[in-house]
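Please look through the sequence and the model shown here. Some questions about the fold and its side chains come after.

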Amino acid sequence: MRLTDIHRCEIRPGRLVTWTLHPTTVEGVAELPDDARPPAYVQEAHVRTARSVREDGLFVPTWLGTAFDIPGRVDLDVLQGALRAWTLRHETLRSGFRWTDPGPRSPLGDELRRFTLAPDAVVLHREDVGDFQDGAALPRYLQDRFDIAADALTWPNFIYSAVVRDDSTSIYMAFDHTNVDSYSIFRIPHEIHQLYTAGLDGRTVDSAPVASYVDFCATERTHADGIDETHAIVADWRKFIARCDGKLPNFPVDLGLDPEGPLPTQKLMREWLTDDADAAAFEAYCRPYGGSMIGVLAATALIVREISGQQVYRTVVPFHTRARSEWSDSVGWYVGGAPLEIPVGQVSDFDGALDLVRTALRAKRPLSRMPIARVLKLLGSDFRPTSPDLYSIVSFVDTRGVEGSEHWQDLNAYGLIRVSYGDQVCAWITRLHEGLQFAARYPDTDVAQKNMRLYVSRLRDLIKSVARDAPTARGAGNCATSPHRPAADKLPISTLTRP
């Protein structure tokens, strides 16, 4: 599933239909009692950050989404049934948050409480918006509608839509981040197709109940609340943040940011890095060290050393927290992060960087099981977040094992990223059946665009050279021996940075 924004996912004209929760369903929420299961730390941090930014006068949409086609003329009643069945499958979609009653010390209320609808209370409301013949007007309308309907500070905070035509129907679904992560998004096209096909045939999908992300939140929070500021994990993070000048790391190249200026707008960058053959060869080369994720981080460490001249690459590496198989089919935000420091100035080639990354990840990955928001809360005055994105990321995900992924191209399937404001870089490298795709949102400055394009160009060159020279380089025991390898393996041992 290629990652992009709503303006670059090949939206064709048609009749727009949308689904949200029915107004009577939403009105009934006020009478619901509190759900004893608390929000996950990552959910609470996300909502609090959104409120803080909004209070400062800036609306920063942060929704994620998916887009895919259903071939042929669609039956809207059957599709609505499929969408409702899918909503009921994932409890987080009928669960939301509200603030406790305001008081003199906290006029907005300061405690976030959960509420959860009963399954039989979930009723979808369908709206026939009308025909769109302008290929540019429809994406703009959808983005504006999604910004309001999938907002972190309102509930419900998701919306489904369909652009209906005689030959096919395109589905567009948007969710506030509290409900989904990228893996959740990747699973949606197959699940909706499965439910829709079953509905056409007059049958139900025979599947086991899906574990609830709401239950996971409660379990994770109980575990996280069991540590205090003296815990070794907190000490590790405190040292890491201190070495990052009291902040979580940004992407270690010059982004042209004005420290005193307003939060900048962001731009989207997306392009192919390699085809399937080169991606497979790169993976094979990196496998002894742990695979392509290790390779991407090692390559990044070398490249940003070349661009920025820093000796240590510091970053927060995202890891999924679906530690048990029962969570594998569940929609939710199952992501943690581990602090990583790569002293790339100590090595002169790609193999050396691979070895450093492997060693560092083995040591630090267990830290990703503790929510960063819990750690930061325990750090207290030692840390003050200053951005909607707490840190920059370089993420790698292999999607080839996702059910239905082999059909994504035929279904015109996309993962949707909302690009709005931010001073960080969020980069995603995705392994698809067709190869490796790169997508990122980054600050919209001339300096950032220049350095991000340089980074992506060098990343592509390094991956391809490793892939194509792998037998020679592996046989020699040193990637730098290939005369075709670009300069990334011959970088001067200088320095590096990160947000």
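The questions below deal with a sheet, a loop residue, a helix and some aromatic pairs.

Q: What is known about the source and the numbering of the model?
A: This is a predicted model, in which local features need pLDDT of at least 70 and side-chain atom pairs count only at pLDDT 80 or more, while totals for chains, interfaces and linings use all residues. Side-chain values use heavy atoms, with hydrogens and water left out, and residues are numbered from 1 along each chain as its sequence is written.

Q: Which strands stand at the edges of the open sheet of 4 strands?
A: Strands are DSSP runs of E with at least two residues, helices are runs of H or I with at least four, and both are numbered from the N terminus. Two strands pair if DSSP finds at least two bridges between them. The order in the open sheet is β9-β15-β14-β12, with mixed pairing. Each edge strand has a single partner, so one side of it is left without a neighbour in the sheet; these strands are β9 (266–275) and β12 (393–398).

Q: How many bridges join β9 to β15?
A: Strand β15 covers residues 435–443 and runs antiparallel to β9. Leu 268 stands opposite Arg 441 in β15. The number of bridges joining β9 to β15 is 9.

Q: Is Val 425 buried or exposed?
A: Val 425 is found in the loop between β13 (414–417) and β14. With contact meaning heavy atoms within 4.5 Å, and neighbours within four places in sequence left aside, its contacts include Phe 251, Ile 393 and Tyr 442. Buried means under 20% relative accessible area and exposed over 50%, with partly exposed in between (1.4 Å probe, protein chains only). The value for Val 425 is 0%, so Val 425 is buried.

Q: What arc do the buried residues of helix α8 cover?
A: Helix α8 spans residues 276–286, and its buried residues are Asp 278, Ala 279, Phe 282, Glu 283, Tyr 285 and Cys 286. The arc is that of the directions from the helix axis to the C-beta atoms. The buried residues lie on the same side of α8, because their arc is only 160 degrees.

Q: Why is the pair of Phe 216 and Trp 327 edge-to-face?
A: Rings of Phe, Tyr and Trp (its six-membered ring) pair if their centres lie within 6.5 Å; planes under 30 degrees apart count as stacked, over 60 as edge-to-face and the rest as tilted. The centres of Phe 216 and Trp 327 are 5.2 Å apart, and the pair is edge-to-face because the planes are at 75 degrees.
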